[in-house]
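This report concerns a predicted model. It addresses the sheet, the helices that accompany it and the relation between the copies.

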Number of protein chains: 2
Amino acid sequence: MSLPSWQTLGQAKCQAILNAIPEKWRLEHPLPPDEELRDVTGDYIRQFLTQREIEITEKDAVDIVAQTSTGRWSALEVTEAFCHRAALAHQFVNCLHEVFFESAIEAAKEQDAYFATHNTPKGPLHGLPISLKDQFHIKDVETTMGYVGWINTFEGKPIDPNTTKKESELVRELRALGAILYCKTSVPATLMAGETVNNIIGYTWNPKNRLLSSGGSSGGEGALIALRGSPAGFGTDIGGSVRIPAGFNGIYGLRPSAGRIPYQGAANSLDGQGCILSVVGPMAATARSLTLLVKAVLGMQPWTRDPLALELPWREEVVEQTRGLIERARSGSSDSVLAFGLMKYDGIDRVHPPIARGMRIVEQTLQRLGHKIIEWKPPSHRTAVEIFAKVFDMDGGADAKHHFGLSGEPRPEQIIGSQSGIQMTASEIAALNVAKREYQKQYLDYWQSTAELTGTGRPVDGLFCPLAAHAAVFPYEYKSVAYTAFVNVLDYTSLAIPVTFADQNVDVDPADSSDRRHLDYYAEIYDGAPVGVQLVGRRLQEEKMLTLAEYLGDEIARDVKEGPRELGFCVYCYGYHVTVEGDARAKCRAYKT
Amino acid sequence: MSLPSWQTLGQAKCQAILNAIPEKWRLEHPLPPDEELRDVTGDYIRQFLTQREIEITEKDAVDIVAQTSTGRWSALEVTEAFCHRAALAHQFVNCLHEVFFESAIEAAKEQDAYFATHNTPKGPLHGLPISLKDQFHIKDVETTMGYVGWINTFEGKPIDPNTTKKESELVRELRALGAILYCKTSVPATLMAGETVNNIIGYTWNPKNRLLSSGGSSGGEGALIALRGSPAGFGTDIGGSVRIPAGFNGIYGLRPSAGRIPYQGAANSLDGQGCILSVVGPMAATARSLTLLVKAVLGMQPWTRDPLALELPWREEVVEQTRGLIERARSGSSDSVLAFGLMKYDGIDRVHPPIARGMRIVEQTLQRLGHKIIEWKPPSHRTAVEIFAKVFDMDGGADAKHHFGLSGEPRPEQIIGSQSGIQMTASEIAALNVAKREYQKQYLDYWQSTAELTGTGRPVDGLFCPLAAHAAVFPYEYKSVAYTAFVNVLDYTSLAIPVTFADQNVDVDPADSSDRRHLDYYAEIYDGAPVGVQLVGRRLQEEKMLTLAEYLGDEIARDVKEGPRELGFCVYCYGYHVTVEGDARAKCRAYKT
């Protein structure tokens, strides 16, 4: 009996992705079973690479550009190193949809020639390989967005030479900035899932623990960057699709407010749904890499090409103001200089022990740094989740049904969203928009009201909260977007910041039945899963939040590296500090001898 | 036979508005018939005022604030003068919905006391009376928005003390800025009409020609400001509702891009319709008054209170850049310094002779000033109009039907919008949003492409086009929003700029049948109707367009005042100039002796 045609097509495409990897970079032997080999990052992947390739690929985007734009590293060498590592990453965890290393190598050679001639970089991203989620159109490269029915088409429609030659606006800008495009990363079909699964590549696994998911919908980006198969990339986020895979893979990811990074000319689901806009956001191993990307893209004035982009250039003065606050805090001001909201629980999903520990680490870091912490008591997040669900269900599943129907492929179980077939009417959508605006108003009022509590003269500078109730989940276990989707309802700026990893010896589920988790937690399976947190700022606060993320991400990492600290009561400031050999005063800002 | 209850209610409210006018300011005799007395501005209204009242009310907002904020004029005297003049205006043309002079006078006294105590103004609008379209909620003042069914309710719902004490965000800001609120102005019920008509006040007539309409939907604002019953006010605009009445009444009006001036907490039609957002915009007798208002409101940081407001403070650097260009042009640079698109006809509605003449005046002024003129060949405006019509018809008329149904009042014929009862579905709305975005993209690309034609290194600095095919129309004759609504589809910045007045001796319909007008033109009836034009800029260009409007509005006014000019061919620059006693060279920038 022959396979259904969707399966034949999907398998052929899957094989074509593997075939696009040069022979020399293919694995000789299949990987051991995931139970035996959970973590394929670090030393595992390094064994397949040269020392030079490791040196290059384990630098962050900022360091790479520093090398390539001064001619110390050639774009070609950098590109080849990332192509090789990306090829390995895909063979480990199924994270790529499109592989076009040859054209990347050609582009890299052209850039090296440019540098040789002009002795100056082509742009601020000169020679930097950038991976892209499989929604962006690139000349001569297919976009399937995980749909079998999109293979050999343009977004499911017959190929028209005029459209297939068009590139998404972001792609045009990245090329102009000097970036090298070399692969597109995997997504769940429809993009509406917290896991990455489709009928082409199958499932994208978590490189830190291959029993688990890489998250979604920018799951391929998350996995690839975690494996250092890419120094930086762009995903999209309508309910957490940048932040969830960033958190699940232990990297940074930014969900900017709508209108900053151009979406023009990219494929999408529910295109034209105007209530909650999907946004493009960068993902990378370091926060400063995100800053590099956002600043570079804004330098291209996307508002002159994308009608939905806001004319809001990079505001360096905000960076400087924020750095000034950080410096004041560092210099030991006895006043509160920065203040943060802290929400350990959203009233909906109780968090697993690794996440609770991650939040405690953040709390301790903020305390060590002397920042004011405000217990977050926002308008009910249930309201946000209800609004979000209605937006996702607005068309009764018509868009997804159409695109799955193109090939007859089955809809993966993990896809969120209605299949009711019932469309909302114009009046119902208007009422939903009013409800959303009223919620946004309540939240904004609450945010601003914290100015009375912070002692800084300003409302909180940011809000820390979980990214999900759990670290990277195992398949079918991602069930609630509550911790991320409220940000999309509000259109706030939000970052995923890596904190630590689940540890089966530490993160034990308390037996106390009063603290039962809503979701099942298995310490042994979760062991090693990255734990991230979320840093949320008000709308259009990208410069400020990136600057804070660079600062706090490093401070959190330092605390994690230095191990658990004990807090001691300080008789000088009446606060709690990390003790230094039992002496809280040694760290006290108010302590002067 | 008794009247239907809606009629009784509407008439009672109409009488209550008149009753709110102090006895001393009521007209002793009714006005002569409109055929006998068309123009009630200027000398006609002045006869009812003292010399001092005339002096105060004929200053613009900038000059008034200069007096009130230095204590030279008391807020009380200014407020009383405008209350008096507004009372007359209403009795002439039916332009008010709410009259609350007593509380205005109380507020003015408080401000005078504040100034006496602190010797400093309360804010940048200290003591400036501001009129508001009847969508804004003010404590202890009703909002009917022209619906009989809203009388004695809160937006048609039973009165809840919590809601009626709430003020719209703009109202809160205006108070904090020191403005004095004293009246709310008339609108067509639904706000969806180019005339102002409802079952409460009836019809708002044009003060320059009472046979004609004041335009809509901010028709009461337009008429009141034209009569100098208000130095400045705020209307709203979803298809031209600020610009049409501004043009029809010979004043300035700004339609900013969405997100600059706060709409939070104001009543609206089709609330929650998210495809084309209605925006709040200022109206005044001078362009610099609009600047004063926009700058003052942005100084209140509306984004900290209105979740849909963008964090985009007033950009003084843009004003300075623009002024720099104007100065360079004035200093006689031989290069093109500024360039403007000119669209005399949109391919849909042929314009009446007064409008054609208005556009010719603008063209001559631009030529005199040496600015480059680009013939505008945009993507079809028919596409914009089709998108706009679908947005207006989205709910099949459900919202309007509901609100008219509250009282059973009839729907005025002039109201635009479907009554089909057929709601668009979520998928249809999404497709409409995609069509809109694609049109916006085409238009943006076209706009940017003019950089190749301008000679300035930039795209055009603005586009001049008509506001409508006609000057202020007579009742039932306003039939097409094409000239204004394309701006709303694009979300561009646009200003109405007054130019001249229809003149039956000059604006004669050409007999040539090849130039037939789409709409009927009667030179005698239109005589005296104000003629405005539109100056359009790209999205979020408020600072630049206001600065250009101040400059060009004055230059146009100068040309109109100095009478018709003849253009002569110049042998130095091969261009056409206004001749000075027959010598074109005397005005030529390229002419050097």
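## Pairing at one end of the sheet

In chain B, Ala339(B) stands opposite Lys372(B), a residue of S12(B). The two strands concerned are S11 of chain B, residues 339-342, and S12(B), which pair in the parallel sense over four bridges.

## The sheet as a whole

Chain B contains an open sheet of eleven strands with mixed pairing, in the order S1-S3-S2-S8-S10-S9-S14-S15-S13-S11-S12. Its edge strands are S1 (96-99) and S12 (372-375) of chain B, each of which pairs on one side only. From one strand to the next, the twist averages 25 degrees.

## Helices on the sheet

Helix H11 of chain B (residues 287-298) lies across three strands of that chain, namely S8 (232-237), S9 (252-255) and S10 (279-284). The helix H11 runs at about 135 degrees to S10(B).

Helix H20 of chain B (residues 542-561) also packs on the sheet, where it touches S9, S13 (462-466), S14 (493-501) and S15 (530-537) of chain B. The direction of H20 makes about 10 degrees with that of S14(B).

## Relation between the copies

Chain A is superposed on chain B by a rotation of 180 degrees, with 0.0 Å of shift along the axis and an RMSD of 0.0 Å. This is the relation of a two-fold axis.

Among the residues of chain A, Thr425(A) comes closest to the rotation axis, its C-alpha lying at 2.3 Å. Both copies use the same surface: 100% of the contact residues of chain A recur in chain B.

Notes: Residues are numbered from 1 along each chain as its sequence is written. Chains are lettered from A and ligands numbered from 1 in the order in which they are written. This is a predicted model: local features need pLDDT of at least 70, side-chain atom pairs count only at pLDDT 80 or more; totals for chains, interfaces and linings use all residues. Two strands pair if DSSP finds at least two bridges between them. Axes are lines fitted to C-alpha atoms, for helices over the stretch in contact, and angles run from 0 to 180 degrees between N-to-C directions. Two residues are in contact if their C-beta atoms, placed from the backbone, lie within 7 Å. Copies are superposed by least squares on the C-alpha atoms of residues with pLDDT of at least 70 in both.
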